[in-house]
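Visitor: I would like to go through the aromatic rings and the nonpolar interior here, with the criteria stated as we go.

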Amino acid sequence: MSGGVGPTASDISLPKEEEHQHTQPVSLKPATSTPTRGGFLSFRHLNSLAVMIIMSASGMVSLGDFVFVIFSFIYIYFLSRVAFSQPNPASGSQVFDPRNKILRLYVSFAAIIGLFAPIAYIFEGIFVGDVEGIKAAAPHVFLLASQVFMEGIAFSDRFTIPIRVFVPVFYNSRRLFTLVDWLRAEIGKAEDGYQGSSKRLVLGRVLAVANMALWSFNLFGFLLPFYLPRAFRKYYVGSKVKD
């Protein structure tokens with residue numbers, strides 16, 4: 001769900017640690033370079049995997065959404081071998097500065113609106129028996145948790161910058177269709193003789209509209225016009241410098 005922002009605050013080393021690393025004595029012996037790998041999955045990504053497993057086991061996930069996740073997992077490996085096998089530029093693989101406060105606030109806001117609030121809405125629906133509300137919100141939550149998990153894989157050193165672009169754009173595009181279905185289901189509750197509380201009816205509609213607006217902006221206002229061109233420019237300019 002980072003949208004290409006990169007590591008969170010927990011992945012950023014402190015200035016004191018960096019200063020300590022620079023003050024280490026330089027050895028005159030020839031160093032043998034060994035390839036290092038970045039962190040594979042963080043606690044946040046493992047939590048998303050847990051959400052995916054729970055929702056899949058509970059029967060809330062359709063076969064089409066499950067196949068979509070499996071396909072995306074296979075396809076990023078295909079792209080990394082066929083289309084984008086060139087290593088990341090030596091200048092770094094981060095498209096945006098992960099210490100940017102505005103981007104970090106944006107990611108946190110998106111996590112609350114897009115993941116935590118819908119999860120709470122689903123759990124409340126289980127207790128009050130709102131089956132239709134659960135079925136409508138579950139696909140979006142499952143796919144967003146899957147996106148966060150896949151970003152943990154794509155943002156490792158195993159994949160290049162274009163692969164990291166592919167994951168949020170691919171999943172965000174797919175989730176817009178699930179959000180349309182969620183919004184239609186919430187609007188159609190009153191016409192179908194909804195017997196639940198009016199408070200939950202309004203809450204479901206507000207969540208559906210808020211997520212539709214948020215992720216439409218994320219795709220058409222951030223990922224496509226800013227993140228995508230900047231990421232490809234960084235990747236291909238770095239590749240030309242290497243050549």
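**Rings and core**

Guide: This is a predicted model, in which local features need pLDDT of at least 70 and side-chain atom pairs count only at pLDDT 80 or more, while totals for chains, interfaces and linings use all residues. Residues are numbered from 1 along each chain as its sequence is written, and side-chain values use heavy atoms, with hydrogens and water left out.

Visitor: How many aromatic pairs does a search of the whole structure find?

Guide: Rings of Phe, Tyr and Trp (its six-membered ring) pair if their centres lie within 6.5 Å, and planes under 30 degrees apart count as stacked, over 60 as edge-to-face and the rest as tilted. Searched with that criterion, the whole structure gives a number of aromatic pairs equal to 14.

Visitor: Of what kind is the pair of Tyr 77 and Phe 159?

Guide: Tyr 77 belongs to helix H3 (residues 63-82) and Phe 159 to the loop between helix H5 (131-154) and helix H6 (161-188), 82 residues apart; helices here are DSSP runs of H or I with at least four residues, numbered from the N terminus. The ring centres are 5.1 Å apart and the planes stand at 75°, so the pair is edge-to-face.

Visitor: Is Phe 159 buried or exposed?

Guide: Buried means under 20% relative accessible area, exposed over 50%, and partly exposed in between, with a 1.4 Å probe and protein chains only. Tyr 77, at 31%, counts as partly exposed. Phe 159 has a relative accessibility of 2%, and therefore counts as buried.

Visitor: How are the rings of Phe 222 and Tyr 227 arranged?

Guide: Both Phe 222 and Tyr 227 are buried. Their ring centres lie 6.3 Å apart with the planes at 5°, so this pair is stacked.

Visitor: Which helix gives the most to the largest nonpolar core?

Guide: A nonpolar core is a set of buried Ala, Val, Leu, Ile, Met, Phe, Trp, Tyr and Cys residues joined through side-chain atoms within 4.5 Å, and the largest has 51 residues, with Ile 76 and Trp 182 making the most contacts inside it. Helices that each supply at least two residues include H2 (43-57), H4 (101-128) and H7 (198-242). With 13 residues, the helix that gives the most is H5.

Visitor: Which backbone oxygen does the side chain of Thr 178 reach?

Guide: Thr 178 lies in helix H6 and is buried, with a relative accessible area of 5%. At 2.6 Å, its side chain reaches the backbone oxygen of Arg 175.

Key
A polar contact is a pair of N or O atoms within 3.5 Å; within protein, one must be able to donate a hydrogen and the other to accept it, and residues adjacent in sequence count only if both atoms are side-chain atoms.
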